[in-house]
Amino acid sequence: MKLTLKLTTTAKYITFWNSIFNLTKKEISILLDFISISATYGLCTLDAKKAIAVQRKIKDYNTLNNYVKKLKDKNAIELTNDGYKLHRLLRNEENVTVTVVRGR
């Protein structure tokens, strides 16, 4: 059987893959904020944290460092020489084929 999913939003796409990353609703929400402003500020940069803190009315943008660490620990984001980037599955750069094998 072949199953094709049309995930029309970034939120739906992230939520679909979340069984692998086990992010909380709050972590998904923060990740979506980072993704939405990453074109302007970069992913998880200082400027991105400041912008999200203003948007969410968080007094100290350093609070978001806790979420960045959790996202990194859960492999949703990866630290590279050029800064943070989304995990390969979450970047949605290519079609992904998934084969599910049920163990017995």
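## Trp 17 and its surroundings

In which helix is Trp 17 found? Trp 17 sits in helix α1. Keep in mind that we're looking at a predicted model here. With a relative accessibility of 9%, Trp 17 counts as buried, because the cut-off for that label is under 20%.

So much for where it sits; what does it touch? Once neighbours within four places in sequence are set aside, Trp 17 is in contact with Leu 89, Leu 90, Val 96 and Val 98. As for Val 68, that residue is 51 residues from Trp 17 in sequence, and the two C-alpha atoms are 18 Å apart in space.

## Asn 18, next door

Asn 18 is another residue of helix α1. Its relative accessible area is 14%, which puts Asn 18 in the buried class.

The side chain of Asn 18 has a partner to look at: one of its polar atoms lies 2.7 Å from the backbone nitrogen of Leu 23. Leu 23 also turns up in the contact list of Asn 18, together with Ile 28, when neighbours within four places in sequence are left out.

## Salt bridges

How many salt bridges does the structure hold? There are four, and three of them are worth a walk-through here.

Start with Glu 27 and Lys 74, whose closest N and O atoms are 2.8 Å apart. Glu 27 belongs to helix α2 (residues 25-41), while Lys 74 is in the loop between α4 (64-73) and β1 (77-80), so this pair ties together parts that are 47 residues apart in sequence. The two ends differ in cover: Glu 27 is buried at 4% relative accessibility, whereas Lys 74 is partly exposed at 26%.

Next come Arg 56 and Asp 33, with an N to O distance of 2.5 Å between their side chains. Here the link runs from helix α3 (residues 46-56), home of Arg 56, to helix α2, home of Asp 33, so parts 23 residues apart in sequence are tied together. Arg 56 is partly exposed, with a relative accessible area of 26%, and Asp 33 is buried, with 11%.

The salt bridge between Lys 69 and Asp 73 (2.7 Å, N to O) stays within one helix. Both residues lie in α4, four residues apart, or about one turn of the helix. Asp 73 is partly exposed, at 48% relative accessible area.

## A nonpolar patch on the surface

Which residues form the nonpolar patch on the surface? They are Leu 3, Leu 5, Leu 7 and Phe 16, and together they offer about 370 Å² of accessible area.

Take Leu 5 as one of the members. Leu 5 is in the segment before α1 (10-21), and its 44% relative accessibility makes it partly exposed.

## Confidence

Across the chain, pLDDT averages 91, and 99% of the residues score at least 70. Compare the elements of the chain and α4 comes out with the highest mean pLDDT, at 97. The lowest mean among the elements, 93, goes to α1, which is the helix that holds Trp 17 and Asn 18.

How values were computed: Residues are numbered from 1 along each chain as its sequence is written. This is a predicted model: local features need pLDDT of at least 70, side-chain atom pairs count only at pLDDT 80 or more; totals for chains, interfaces and linings use all residues. Side-chain values use heavy atoms; hydrogens and water are left out. Patches are made of residues with over 30% relative accessible area and no salt bridge: like charges are joined within 9 Å, nonpolar side chains (Val, Leu, Ile, Met, Phe, Trp, Tyr) within 5 Å. Accessible areas come from the Shrake-Rupley method with a 1.4 Å probe; for residues, only the protein chains shown count as cover. Helices (H or I, at least four residues) and strands (E, at least two) are DSSP runs, numbered from the N terminus. Buried means under 20% relative accessible area, exposed over 50%, partly exposed in between (1.4 Å probe, protein chains only). A polar contact is a pair of N or O atoms within 3.5 Å; within protein, one must be able to donate a hydrogen and the other to accept it, and residues adjacent in sequence count only if both atoms are side-chain atoms. Contact means heavy atoms within 4.5 Å. pLDDT is the predictor's confidence in each residue, from 0 to 100.
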